[in-house]
Structures are given as structure tokens and as C-alpha cells.
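Subject: Structure handover

Dear colleague,

I am passing on the structure below, and after it you will find notes on how some of its helices pack and on its cavities. Please read them alongside the model.

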Amino acid sequence: MVQIIDTPQFQRLRYIKQLGGGYFVYPGASHNRFEHSIGVAYLAGLQARTLRENQPELNITDKDILCVEIAGLCHDLGHGPFSHLFDQMFMPQACANEKWKHEDASVEMFEYLLEKNKEHLTEMENSGLEDNDLVFIKELILGEPLREESVESPSDWPYKGREEDKSFLYEIVSNKQNGIDVDKFDYFARDCHHLGLKNNFDHMRYFKFTRVIGVEKNKLKRKHICSRDKEAGNLYDLFHTRNRLHRRAYQHKVTKNVEIMIKDALLKANNQIQFEGKNEKFYTLSDAKDDMEAYIQLTDQVTERIPESSSSEMEQARNILERIMRRDLYKLVGEAKVGHFNNSLYLKHSIIGEIKCSLYKIRVKEFVVRSVQIKFTYSYGKGDKDPVECSYFYKKDEPGKAFQISKQQVSNFLPECFLEQTIRLYWKKKDEDKTLLNDVTQKFMVWCKDNGFQVIFRSAMLEDEAQHQEPSTKHQKEK
């Protein structure tokens, strides 16, 4: 483990902020992917050892535990600059319609790490890890089988690293069943600590009350990690913490504002910044993912190369980063809550398209250049579903029988709805004349009202305008 940590591929994570643009809002959020990855490795090993101690019949081997720990350690190797800003905001625009996930890059970086450090990873070689163990580690990192294969029947086991009787091991690092995994345990606790927020979920208690039980579903019986029935409330605390972190930090209106600006700067500089890969081949910022020798150079420090350049082609990128430093951020025109869950109605350009049609004074091209609209989804991690109802539980007097619990059985104070969408409209350009922006703000409010959106934030411009109205006008409106 330590030998993996002491490699350039892993040390790179010291220079990638865990919360991306959140550091510009919360000065305490200075932690990086480096310490998070070490924490996930520790918790992954702890959970595996706890299961082995409580249930020796599971035949969890030392090699199983080592693989789970290495997967936890290396699961974020593929993150780009400013973490999720890179893969969720920059890459979709820089590489339109190309499906790319940081998990894919994590697997490639792990392979690159093994290749470049063969002579130094002596302990890993002495541990006796075989090819199927390396496949197992990659599957754990990816959270799914390495490649899509034709499955002839539902009974076919898609994974190659471990047999079906150890299916529960795939739920420790990245749990696709219900989202309850050690990755979240670490970053919830770590992020709350650095943000100054309260973390109500106790993962050590969770480990204490977990058991592996065979669950029969669709005529298949596979082993899952199950919790004591009395711990259902603790799991709801976990997902409530997730929702609170997204609302107060990850999707904070200023956090996203800064991240949009960093993304815009990276897009402007994309073709101007070059990274050398194998065989002296150079790659742009968005293409570096195709060569790990180039990709390893991508950290948050890429934004330092932009101000250092005197090239006229980098001027726009430099200006955007300077605006961030001077806190001259994009203007938030307004924010509104979507009235229903039909995602297809609220694609990126649909709302801007409708709003710009109502702004008859503004040319189409000018409006698109000057504004940006983004959609946020708040949930418990499973869309409109309750993730706890996707989990399995057991009773104290029946430790070998798994069952599911509905939220009504837990408490009547739990949410009825598990999905909420909001839209925000930001104004990019700096305008001396506020008339144009004020017109956009008013039209946005009208559009939201006409289309059943509940406005939850509006630009201070309208409020300032109302405060400066003549007394007679204000009195008439109050009447």
C-alpha cells in the first residue's frame, strides 16, 4: 500500500482539490484527493476485516482484503483538474457527445502506475497477486465489469475477478445497489469536517451492525451486505447528509459560479496548452486522457499556466481567471425550482431558447454568448427512488434472513419526494449599462411564472429597483 502511495501517479492527487471550486467559497475546504483516497483504503479494509471477523464462513482471504484496500486507494487516480469540474463540466463541452468517466481514467492510470513502477512495487509482487486479482481491483474501481459482454441469461455472473459467492465484496468501495459504500463514508465525514458542517452518520456503527446474507431475487440468490433493522434511521441520516452537502456546498450558487468560470477559462485555453505524452507526441487539455503519460500532468496547477502565458490567444482565458481573483463573478440572474420531474423538457438549451424568444430586444447570438443556464438535481443518489428501500436488513433473532424495509416502517417524518430539480441562469458579460441585464432578469421571472416554475432566488437588481421606486408608486403597488 505504502509503495503505491509513494509513486508519482498517486502523489499527483495532492494537487487536485476534493471540492473543486468549493475552496473559493469555503476557505477550510483545502483538502485534496490524496488524503481522501487513503481514507477510503483504510475504511475498505476495515469493513472487509469486520465482515471476516463476524462471519468466518465467508472465507474472506488476506488477498481479498488487500485487493479491496488497493481499489479504495486507487479509485480516484483518474480525476482531472478540480475533480468533478473536469469530468462533469469541462469534458462534456470539450469532447461533445463522447462518453468519458473519471473511473475509466482511474483504471488506465492504475495500469500505468503498475507499468512504470514494476521495480519499486516489491511488496505487491510478494503478496502473490495474480491476473484475476488485478482484474478484481479494476472492477472494484470501475464499479462494474471491465467490458460489456453478452449475457445469455440473468443468472450469468458478469464479473471476472471474483466468483459469485463473493458478490458482496463489490459493494464495499463502489456500491451500485444502493450507494452505501466506504467512498461516501470518507468524503461525507471529511467534507463535513473541512466545511464546518455536522455529519450525523456514524459509519463505525454501520460496520458493527452489517452482515452478509444471501438474498433471493428473480430466482437468483446472491450475497449482499445487510444492516440491522434498527439501523434504517442511520442510513437515512447518511443520505440526508448527502443532500445537505450538495445544497450547502457542492451546488452552492457561488461554488458553481466559480466552477463555470474555471470551465470557461479551460475551454478557451484548451487548444493552447500542450502536454507531452509518449513518443514525444503532444496533447491538448481535453485529449490528454488518451495518454496517461500526458494525463498525469493534469492537476489544478494547470490554471497557473494560463496567467503565465503572454499569448494573445490566451487573453480571454486570462481575463476570466483574473475576474475570479478579483471576485468579479458572473451574475446570477435567478434560480427556480422545477414543478415536475420530466427531465426531457429541461435540456440545456431548451430554457434559454424559450427565454431568448421572449427577449425581443436582444439578438439571439448576443444572448447565448452572454448567458449560461445550468440544471441541478438534488436527490438521495438514486434519482426519484428511495435508496434505503433498495437496501437489505436483518433482525436480531433472524440473522440469516434478509428483507427490505419501507420508509413508512421507519418513520412518518421521512421525505415523500426524493428528487428535486432547479435551474439557474447566470449572466457572463460585464455590462456598464444594466438595462439589458435588468430586462433579462424580469423576463426570466415572467417565464418562470408562466411555465410553473417556483422562483427561489432572484437578482438583487429587481429588489434594488423596488427600493428606489417613488413612494407613491410603491404605495399603489402595495394596495
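The crossing of helix 12 and helix 15 is left-handed, a term used when the near helix is turned anticlockwise from the far one by less than a right angle, with right-handed used if clockwise. Please keep in mind that this is a predicted model, in which local features need pLDDT of at least 70 and side-chain atom pairs count only at pLDDT 80 or more, while totals for chains, interfaces and linings use all residues. Residues are numbered from 1 along each chain as its sequence is written, and side-chain values use heavy atoms, with hydrogens and water left out.

Helix 12 covers residues 253-269 and helix 15 residues 315-325, and their axes come within 8 Å and cross at roughly 160 degrees (axes are lines fitted to C-alpha atoms, for helices over the stretch in contact, and angles run from 0 to 180 degrees between N-to-C directions; helices are DSSP runs of H or I, at least four residues, numbered from the N terminus). These two helices are therefore roughly antiparallel (angles over 145 degrees count as such, under 35 as roughly parallel, 65 to 115 as roughly perpendicular and the rest as oblique). Their contact (heavy atoms within 4.5 Å) includes V258, M261 and I262 of helix 12, and I320, L321 and I324 of helix 15.

Helix 6 (residues 102-116) and helix 8 (residues 131-142) have axes that come within 8 Å and cross at roughly 150 degrees, and they are therefore roughly antiparallel to each other as well. Here, however, the crossing is right-handed, and among the residues that make the contact are V107, F110 and L114 of helix 6, with L134, I137 and I141 of helix 8.

Helix 9 (residues 182-195) and helix 11 (residues 232-250) pack at an angle of about 45 degrees, with their axes 11 Å apart, which makes helix 9 oblique to helix 11. The crossing of this pair is left-handed, and the contact includes F185, Y187 and F188 of helix 9 and L238, L245 and Y250 of helix 11.

Finally, a search of the whole structure finds 2 cavities of 30 Å³ or more (a cavity is a set of points, on a 1 Å grid over the protein atoms alone, where a 1.4 Å probe fits but cannot get out, and lining residues have an atom within 4 Å of a point). The largest cavity holds about 60 Å³ of space, and its lining includes E171, N175, Y206 and Y392.

With best wishes

Terms used: 1 Å grid on protein atoms, 1.4 Å probe; cavity = no way out; pocket = protein on both sides within 12 Å on 5 of 7 lines; lining within 4 Å. Points joined across faces, edges and corners; volume = space filled by probe spheres on them.
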